[in-house]
Each structure stands twice: as C-alpha cells, then as structure tokens.
Amino acid sequence: MTQSDKAPGPIAGIGGIVKGVWTIFMQGFKPKVTKQVPEEKLEYPERTTGRVFLNMDACIGCTLCEQICPNGTIKMVTFAFAKKEEFDKKYPNKRQIFPSVDVSTCTHCNLCEEICPTGAITLEAEIDEIHFRRENTRYSPPMLAKKESELWGDDKK
Ligand code: SF4
Ligand code: SF4
C-alpha cells in the first residue's frame with residue numbers, strides 16, 4: 001500500500017469540516033438569487049412563450065387554434081351578449097365562438113399563435129399562474145384577456 005492510498009488523517013478531516021462550515025457561513029453575505037413566487041414577481045425575456053392571451057376584438061371564431069392545439073388545451077366556447085346587436089357592435093366574430101384555454105395543460109408550443117390569421121391569440125411573457133384548484137385552470141375568453149393579477153389579485157386560487 002502506498003502513502004497516497006491511506007485514508008486522510010483526523011487533521012485533514014477537521015479541515016474539510018471547517019471549510020464546509022465556512023462556505024455555508026459566507027453564503028449568508030451573498031445577495032439572494034431565489035424569489036418567493038408568486039409573492040415576488042419574476043421578469044422574463046420579451047419573447048417568453050408564457051400564458052395564452054386572447055384579444056376578443058380580433059378573434060373571428062375560425063377555430064384554427066383549436067384544431068392545431070396538439071393536446072386539446074383549446075376548446076371553442078360560445079360567448080355572446082344577451083342582445084345580438086350589442087354583440088355585433090363590439091365583436092367581428094359572427095359565429096360568437098371564442099377559444100377557452102386550460103392553462104394547466106398548455107405546453108407553450110406557440111402553434112395557436114402562429115396559425116391565428118388575425119393575431120388574436122398570443123403567448124405573452126407571463127407565467128405566474130399558480131393554481132390550487134383544478135376547476136380554476138380553464139380560462140374563459142374574457143379571462144384570457146386579463147393578466148393574472150387582474151384575475152385573482154393576491155388570492156390563492
Ligand atoms: S401554446 Fe400550444 S398547447 Fe398551448 S394552447 Fe397554444 S397550441 Fe395549445
Ligand atoms: S383566436 Fe385566432 S385562430 Fe383562434 S378562433 Fe380566434 S381568430 Fe381563429
């Protein structure tokens with residue numbers, strides 16, 4: 001057995017422990033890099049394909065987004081005002097159907113945005129949606145127009 005094969009002595013062991021404790025101690029003086037989401041907001045690069053947003057004024061109800069969505073995240077739903085004239089005045093969507101999106105199953109593939117002929121559906125740099133109840137994850141067309149903070153405030157969802 002050579003000298004290098006021997007187990008380190010007690011002095012080397014204590015030195016290792018001191019070095020480890022010192023390293024942990026010094027971490028306390030470094031700036032924090034973790035954030036307490038969702039209480040603290042994160043900043044994302046501009047091109048982040050985060051949550052799906054819908055501009056109902058631009059949607060024509062063509063259903064292309066629903067057809068291309070690879071996992072059934074998008075489902076077209078009927079949305080109309082009580083009076084048809086009121087609806088017609090506000091939206092160009094004569095079929096009165098708009099996409100709804102289950103934000104918990106969206107894979108952020110961006111296909112819906114790419115195929116939309118009017119730019120009505122987009123993925124924005126917002127991925128802060130935190131849900132504690134499954135029934136809250138399918139967003140209706142009007143919900144898709146709003147930011148998370150507008151939808152839920154500081155409430156747990
Ligand atoms: S980004 Fe992809 S998975 Fe998400 S809603 Fe659009 S098509 Fe569906
Ligand atoms: S969001 Fe775009 S692709 Fe989807 S139904 Fe509306 S216009 Fe068509």
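## A walk through the sheet, the core and two ligand sites

Start by selecting strand 3, residues 97-102, together with strand 5: the two pair in the antiparallel sense over 2 bridges. Keep in mind as you go that this is a predicted model.

**Stop 1: the sheet**

Now add strand 2 to the selection. You should have an open sheet of 3 strands in the order 2-3-5, with antiparallel pairing. Strand 2 (74-78) and strand 5 (138-139) are the edge strands, each of them pairing on one side only. Between strand 2 and strand 3 the antiparallel pairing runs over 5 bridges.

To find your way across the sheet, label a few facing residues. Met76 stands opposite Pro99 in strand 3. On the other pairing, Asp102 stands opposite Arg138 in strand 5, and Val101 has Tyr139 as its bridge partner in that strand. Colour by burial next, and strand 3 comes out mostly covered, with 5 of its 6 residues buried.

**Stop 2: Val101 and Tyr139**

Select Val101 and show its surroundings. Setting aside neighbours within four places in sequence, Val101 is in contact with Val52, Thr73, Ile74, Cys106, Tyr139 and Leu144.

Move across to Tyr139, which lies in strand 5. Is Tyr139 buried or exposed? Tyr139 counts as buried, because it has 22 C-beta neighbours inside 10 Å and the threshold is 20 or more. Again leaving out neighbours within four places in sequence, the contacts of Tyr139 are Ser100, Val101, Val103 and Leu144.

**Stop 3: the largest nonpolar core**

Val101 leads on to the next selection. The largest nonpolar core has 18 residues, and those touching the most other members are Val52, Leu54, Cys65, Val101, Cys112 and Ile121. Strand 1 (52-54), strand 3 and strand 4 (121-123) are the elements that give two or more residues to this core. Which of the elements gives the most? Strand 3 does, with 3 residues. As background, nonpolar side chains tend to be buried together in soluble globular proteins.

**Stop 4: the two ligands**

Select ligand 1 and expand to its shell. There are 15 residues around ligand 1, and the closest are Cys69, Thr73, Cys106, Cys109 and Cys112. Two of these names have come up already: Thr73 and Cys106 are among the contacts of Val101. By class, the shell around ligand 1 holds 10 nonpolar and 5 polar residues, and no charged ones.

Then do likewise for ligand 2. Its surroundings are Cys59, Ile60, Gly61, Cys62, Thr63, Leu64, Cys65, Pro99, Cys116, Thr118, Ala120 and Ile121. What classes make up this shell? The residues around ligand 2 divide into 9 nonpolar and 3 polar, with no charged residue. Pro99, one of the residues around ligand 2, is the residue that faces Met76 across the sheet.

**Stop 5: two backbone angles**

Go to Gln96, in the loop between helix 3 (84-90) and strand 3. Although Gln96 is not a glycine, its phi is positive, at about 60°. Gln96 is partly exposed, with 15 other C-beta atoms within 10 Å.

His108 is the next residue to click, in the loop between strand 3 and helix 4 (111-115). What is the phi of His108 near? It is near 60°, a positive value in a residue other than glycine. His108 is partly exposed too, with 14 other C-beta atoms within 10 Å.

**Stop 6: helix 1 and the loop after it**

Finish with helix 1, residues 10-27. At 1.5 Å a residue, its 18 residues should span 26 Å, and the end C-alpha atoms are indeed 26 Å apart. Why does helix 1 lie largely in the open? The number of buried residues among its 18 is 0, so the helix is largely uncovered. For a sense of scale, draw a distance from Ala12 to Tyr139: their C-alpha atoms are separated by 60 Å, with the two positions 127 residues apart along the chain.

The last selection is Lys41, in the loop between helix 1 and strand 1. Lys41 counts as exposed, because 12 C-beta neighbours lie inside 10 Å and the limit for exposed is 12 or fewer. From Lys41 to Leu111 the C-alpha distance is 27 Å, and the two are 70 residues apart in sequence.

Methods:
Residues numbered from 1 in each chain as written. Chains lettered and ligands numbered in written order. Predicted model: local features only at pLDDT ≥ 70, side-chain atom pairs only at ≥ 80, totals over all residues. Near = placed C-beta within 6 Å. Nonpolar A, V, L, I, M, F, W, Y, C, P; charged D, E, K, R; others polar. Pairing = 2+ DSSP bridges. Helix = DSSP H or I, 4+ residues; strand = E, 2+ residues; numbered from the N terminus. Core = buried A, V, L, I, M, F, W, Y, C linked by C-beta atoms within 7 Å. Contact = placed C-beta atoms within 7 Å. Expected span 1.5 Å × (residues − 1).
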